[in-house]
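Colleague: I would like a close look at one part of this model. Please take me through the surroundings of a single core residue, then move outward from there.

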Amino acid sequence: MLIKIPPASASRECDVTPESVYLSRRRFLGAAGGALALAGLPVRAESERYAGVELGAQPSWFTEKLPDVRWQAVTAGNEALTPYKDVTHYNNFYEFGTGKGDPARHAGRLEVEPWTVMIDGEVAKPGPVSLEQLVQPHRLEERIYRLRCVEAWSMVIPWLGFPLADLLKRAEPTGNARYVRFETKVAPEQMPGVRSGFSLIDWPYIEGLRMDEAMHPLALMAVGLYGRILPNQNGAPLRLVVPWKYGFKSIKSIVRISLVAEQPGSTWERLAPDEYGFYANVNPMVDHPRWSQATERRLPNSLFSPNVVDTCLFNGYDEVAGLYSDLDLRKHY
């Protein structure tokens, strides 16, 4: 008898979230779709299943990919999705300001067309690549991931993207490639946070992964969420999503990907190395110097409905544990 064991990330013992409204809605839509088909009426496209989601302009390269999307390629068990409004109006994107609402207010100024990504370093195929060229070879997948911020709040987000590993393989890394360095766009005229005299960040924003982390199947290059193109405040048009790490590792609005031999210095690690390590793996047993990481506030929440849940090691994605079997996670935080 064949027994299928689901990955640990599919559900967690520390889950306390009620039965997903999302799954209930999927069952309803499935039944409704069958009835429409029997009646000879067109069934609504899968990408249109999210009610209340702002549509806006969708570039042609994106809409052409939608019919072939692998919907729910990865799910988050029974966890309810964070509402679209919270996902798009509660953000950290310091290029547009330090307030949680600043990115939604100011990121509309960011010009995302045309967009070019430089791929360089220890690769056989370096050079600039347009966003359309970068995405074209890849089939998009919907991956519903938990996002855990180092500030101890969290969300559950349905991303659209493709594996980072697939992109890196196409660049043909050399034997000297041990790390991947990512860089965010800097456009002072479009980014008020970059112009601010109060900013302590040495722009551009930099992040990095070890090569085996970058090649892990869970590491995602995202170009959309909620079945739509990625909003500017969420890192349009291209961002990294590494669900087992704190959110600041998932760098936004990427313009450069470099494969390098030495560990790159990342922005927050340089600013406060005692608070933000290079690895930044979600770990409830290693507190931030100024607050506990044992629990998190799952958005949406309020004073009378705090929605506090236990935090899990690696954010519940236990399949990555082998990447760190030789590390002391209290030292390599």
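Modeller: Contact here means heavy atoms within 4.5 Å. Keep in mind that this is a predicted model.

Start with W244. Leaving aside neighbours within four places in sequence, W244 is in contact with E213, H216, L218, A219, N281, V282, F314, N315, Y317, V320, L323 and Y324. W244 also belongs to the largest nonpolar core, which has 91 residues. Within that core, W244 and I257 touch the most other members. Strand β5 (residues 153-163) gives this core its largest share, seven residues.

Now take I257 as the way into the strands. The residue range of strand β11 is 254-260. Strand β11 runs parallel to β2, and four bridges join them. One pair to look at is M118, which stands opposite R256 in β11. Strand β2 (residues 116-121) also pairs with strand β3 (residues 127-130), here in the antiparallel sense, over four bridges. T116 has S130 in β3 as its bridge partner. Five residues form the hairpin link from β2 to β3.

Finish with Q293. Its place is in the loop between α9 (267-271) and β12 (295-298). Q293 is buried, with a relative accessible area of 1%. The side chain of Q293 reaches the backbone oxygen of V150 at 2.9 Å. Not counting residues up to four places away in sequence, Q293 touches R148, V150, A152, Y246, N283, P284, V286, D287, H288 and T311.

Definitions and conventions. Residues are numbered from 1 along each chain as its sequence is written. This is a predicted model: local features need pLDDT of at least 70, side-chain atom pairs count only at pLDDT 80 or more; totals for chains, interfaces and linings use all residues. Side-chain values use heavy atoms; hydrogens and water are left out. Helices (H or I, at least four residues) and strands (E, at least two) are DSSP runs, numbered from the N terminus. Buried means under 20% relative accessible area, exposed over 50%, partly exposed in between (1.4 Å probe, protein chains only). A polar contact is a pair of N or O atoms within 3.5 Å; within protein, one must be able to donate a hydrogen and the other to accept it, and residues adjacent in sequence count only if both atoms are side-chain atoms. A nonpolar core is a set of buried Ala, Val, Leu, Ile, Met, Phe, Trp, Tyr and Cys residues joined through side-chain atoms within 4.5 Å. Two strands pair if DSSP finds at least two bridges between them.
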